[in-house]
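Student: Could you take me closely through the side-chain contacts in this model, beginning with the aromatic rings? I would like to know where each partner sits and how it is placed towards its neighbour.

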Amino acid sequence: MITLSAEPMTWVFAGDSITQGVLHTRGARSWPEHVGERIHWQLDRLTDAVINTGVSGWRARDVLAHYDHLIGRYHPDVLSISLGTNDARAGQAGLDEFRDSLREIVRRSAGARIVLHTPAVVALAGRAARSELPAYCQAVREMAAETGALLVDHEAYWLAAFPDGEAFAWLDDPAHPNAVGHRKMADHTLRVLGLGELDEL
């Protein structure tokens, strides 16, 4: 749960294309934008800074290599890290690098409340390129347990709704959520953070 300060807070959302929210929302809000709406308007925190530094195609090692630009300079009170979908393309051979990079991002962010997200599921048509994605999700769970970070387990949430992983209703392509998927990710994130859900507008 996130404890809201009486003073303005800085929230940073770091990740890949799913965080950046490019293309696959088809003009709708991305999940960090939905979370920002909840923070700014519905929770009446208009002076909080909500910053999205997601970069399409990037892996944990890329975020670590550009840590100061993407995260450090903002001195976040809350740091959301959502990675693994691209990292999983490296298979089992890339797991150690993923863990080490994620651990170092968390270490450098001491003082922030860390929120770690597992990737959402990938449909069958995209699994050949990301066959080890469940192992990367497990690595995120283990990192959350190791570091005391909040865990937002999108994989488990999506599999509860789509046990076969074929989440067509929430996907724009085999690996990227559509507008509905982004809204589902936002509401699940908000619940885990203890910030409620988006009110209907």
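Tutor: In this predicted model, phenylalanine 13 has a relative accessible area of 3%, and because buried means under 20%, phenylalanine 13 counts as buried. Its ring belongs to one of the aromatic pairs, of which the count comes to five. The partner is tryptophan 31: the centres of the two rings lie 5.6 Å apart and the planes meet at 80°, so this pair is edge-to-face. The contact links distant parts of the chain, since phenylalanine 13 is in strand E1 (residues 10–15) and tryptophan 31 is in helix H2 (residues 31–42), 18 residues apart. Tryptophan 31 is likewise buried, at 0% relative accessibility.

A second aromatic pair has another geometry: tyrosine 157 and tryptophan 170 are stacked, with 6.0 Å from centre to centre and 25° between the planes. This pair, too, links distant parts of the chain, for tyrosine 157 lies in helix H8 (residues 154–161), whereas tryptophan 170 lies in the loop between H8 and strand E6 (171–173), 13 residues apart. Tyrosine 157 is partly exposed, with 24% relative accessibility, while tryptophan 170 is buried, with a relative accessible area of 9%. Both residues belong to one aromatic cluster, which is made up of Tyr157, Trp158, Phe162 and Trp170.

Turning to the charged side chains, a search of the whole structure finds 15 salt bridges. In one of them, arginine 38 meets aspartate 199, with the closest N and O atoms 3.5 Å apart. Arginine 38 is in helix H2, and aspartate 199 is in the segment after helix H9 (179–193), so this salt bridge ties together parts that are 161 residues apart in sequence. Arginine 38 is buried, with a relative accessible area of 10%, whereas aspartate 199, with 43%, is partly exposed. Helix H2 therefore supplies tryptophan 31 to the edge-to-face pair and arginine 38 to this salt bridge.

Helix H5 takes part in salt bridges of its own. Aspartate 96 and arginine 99 both lie in this helix, three residues apart, about one turn of the helix, and their side chains meet in a salt bridge with an N to O distance of 3.0 Å. Aspartate 96 counts as exposed, at 52% relative accessibility, and arginine 99 as partly exposed, with a relative accessible area of 24%. A salt bridge also joins arginine 103 and glutamate 146, whose closest N and O atoms are 2.8 Å apart. Here the pair links distant parts of the chain, with arginine 103 in helix H5 and glutamate 146 in helix H7 (residues 133–147), 43 residues apart. Glutamate 146 is partly exposed at 48% relative accessible area, as is arginine 103 at 31%. Salt bridges that share partners join these two residues and Asp100 into one network.

Helix H5 also borders empty space. The structure holds four cavities of 30 Å³ or more, and the largest has a volume of about 60 Å³. Its lining comprises Arg59, Ala60, Arg61, Asp87, Ala90, Gly94, Glu97, Phe98, Ser101 and Tyr136. The largest share of this lining, three residues, comes from H5, and helix H3 (60–65) and helix H5 (95–108) each supply at least two residues. By residue class, the lining divides into four nonpolar, two polar and four charged residues.

Technical notes: Residues numbered from 1 in each chain as written. Predicted model: local features only at pLDDT ≥ 70, side-chain atom pairs only at ≥ 80, totals over all residues. Heavy atoms only, no water. 1 Å grid on protein atoms, 1.4 Å probe; cavity = no way out; pocket = protein on both sides within 12 Å on 5 of 7 lines; lining within 4 Å. Points joined across faces, edges and corners; volume = space filled by probe spheres on them. Helix = DSSP H or I, 4+ residues; strand = E, 2+ residues; numbered from the N terminus. Nonpolar A, V, L, I, M, F, W, Y, C, P; charged D, E, K, R; others polar. Phe/Tyr/Trp six-rings, centres within 6.5 Å; stacked < 30°, edge-to-face > 60°. Buried < 20%, exposed > 50% of the residue type's maximum accessible area, 1.4 Å probe, protein only. Salt bridge = Lys/Arg side-chain N within 4 Å of Asp/Glu carboxyl O.
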